[in-house]
Amino acid sequence: MDGDPAVEPELDTFSLIFPLPYRIAFILVLGVWAWGVNLHYLYLLKIDVPALIKYPTRSSSPLPHHQRTYALATTITLPLIVSLLFFWTLTRGRPSSVLAWDIIPQSYLFLLFLAFLIPYKRLSPNGRYRFLTILKRISIGGIAETQDGKFGDILLADVLTSYAKVLGDSFVSLCMFFTAGRSSTDKPDRGCGGQYIVPIIISIPSLIRLRQCLIEYMRVRNNPQTMSGQGWGGQHLANALKYSSAFPVIILSALQRGYDPNKIGLSETGLFRLWLFSVFLNSLYSFYWDVAKDWDLTFFASLLSLMSPTTSSNPYTPLTLRASSTSSSSYPLSPPTSPSLPRSLRPPSPSPHSQHPWGLRRHTHFHTPLIYYTAIVIDLLLRFTWSLKLSPHLDHWNDLEGSIFVMEVLEVVRRWVWIFFRVETEWVRVRGGVGVQEEMLLAPL
């Protein structure tokens, strides 16, 4: 796909067909469609996403939110298809033409930006205004109070972390477009504007979430009485640490790209090993947080119970794997016991995790535990896609433009899956009752 010797060495086959500005546009449009699917499926599960993010209701609009999102997605998709077909017709795969007509994909990116600003009634103006309002607030690391839509701020800020590389590529595309003698459809120069500009841009979403976590921690510390259910705020600090773990990965990746032994003072192998340790730590920590904290699943606590030699198995743990589709369950709370038996001969009392399918939680809305287990596996695999660099046969794959694009798309897919379960978890927390709070306290930090 890439590295075709039949074309100019600076412009691979994939970039001739799908240059960088179109790749950026595709991922942005894909995100709008993905959000529509999120809203649609959660709507079918009777999870009120607009209520969770404090989206103002409008009686004048009969359409559900997901249909309005689909309408917006369709409106920005059709011009993308037309622009791409027109670009292919003009360039016909000729490198010189591809470089000369970079104004076409850049024009579409400009129109896509305007689509979120033009107050056109049929393009879901309230939704776009709400999006821009939240984006403005979180752009400096701000976060609303719970009653004002804190969850929406967190959701959008987390989505931005998955679009970090896309933001970096957006800067590269603009930088090349406005640089004399360069073209935004040329092979991307990720050092455009300086060696550290793109890494700084990529780190901004993690900085936003880091500041939000610190703000939440300070709110707990300054208002211990009103936020007594959050303890002393240690979980917010642990979450801040997770986002901080992304910075060594970004810095070391930039040093590897522009490796200079005279400036760094480390061998290339030593630098790679340091990067490997950092990215492994970040991926493992993030995967744990996704499952145990963002989704409130007891997967890791259940694994520890299996591995602990002091934990005896409970023969009365329910064997059924059918999760409740509402916010209540009918699992037995205790095994049959006989008061006449001595304590040593009585069957063990069930652990709190015996009241739900293994590794999950008591209150669930998706129809089968298999969905949750599949999501855990997907999250694990996509958190560790960097491991392809460790293969001697695939180590160069990560440096190809087509491969970089696939990685960015896969991260958006991972975030899309994550949103389903993060929103469901928030819905359970808000409406699930006391049992949910008990399980949150039992989950390890």
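A residue is called buried when its relative accessible area is under 20%, exposed when that area is over 50%, and partly exposed in between, with a 1.4 Å probe and protein chains only. The model is predicted, so local features need pLDDT of at least 70 and side-chain atom pairs count only at pLDDT 80 or more, whereas totals for chains, interfaces and linings use all residues. Residues are numbered from 1 along each chain as its sequence is written, and side-chain values use heavy atoms, with hydrogens and water left out.

**Exercise 1.** Determine whether serine 203 is buried or exposed, and find its contacts outside its neighbours within four places in sequence.

*Solution.* Serine 203 belongs to helix α10, residues 197–222, where helices are DSSP runs of H or I with at least four residues, numbered from the N terminus. Its relative accessible area is 11%, so serine 203 is buried. With contact taken as heavy atoms within 4.5 Å, and neighbours within four places in sequence left aside, serine 203 touches Phe247 and Ile250.

**Exercise 2.** Classify the ring pair of phenylalanine 18 and phenylalanine 405, and place both residues in the chain.

*Solution.* A pair of aromatic rings is described by the distance of the centres and the angle of the planes. Rings of Phe, Tyr and Trp (its six-membered ring) pair if their centres lie within 6.5 Å, and planes under 30 degrees apart count as stacked, over 60 as edge-to-face and the rest as tilted. The structure holds 24 aromatic pairs. For phenylalanine 18 and phenylalanine 405 the centres are 5.5 Å apart and the planes stand at 85 degrees, so the pair is edge-to-face. This pair links distant parts of the chain, 387 residues apart, since phenylalanine 18 is in the loop between α1 (13–17) and α2 (20–44) and phenylalanine 405 is in helix α17 (residues 401–431). Phenylalanine 18 and phenylalanine 405 are both buried.

**Exercise 3.** Describe the pair formed by phenylalanine 366 and tyrosine 372, and name the aromatic cluster that holds them.

*Solution.* Phenylalanine 366 and tyrosine 372 are edge-to-face, at 5.6 Å centre to centre with 75 degrees between the planes. Phenylalanine 366 has 2% relative accessibility and therefore counts as buried, and tyrosine 372, at 0%, is buried too. Their cluster consists of Tyr41, Trp295, Phe366, Tyr372, Trp416, Phe420 and Phe421.

**Exercise 4.** Compare the span of helix α14 with its expected value.

*Solution.* Helix α14 covers residues 268–294, 27 residues in total, and the expected span of a helix is 1.5 Å times one less than its number of residues. The expected value is 39 Å, and the helix reaches 36 Å from its first C-alpha to its last, which is close to it.

Key:
Helix = DSSP H or I, 4+ residues; strand = E, 2+ residues; numbered from the N terminus.
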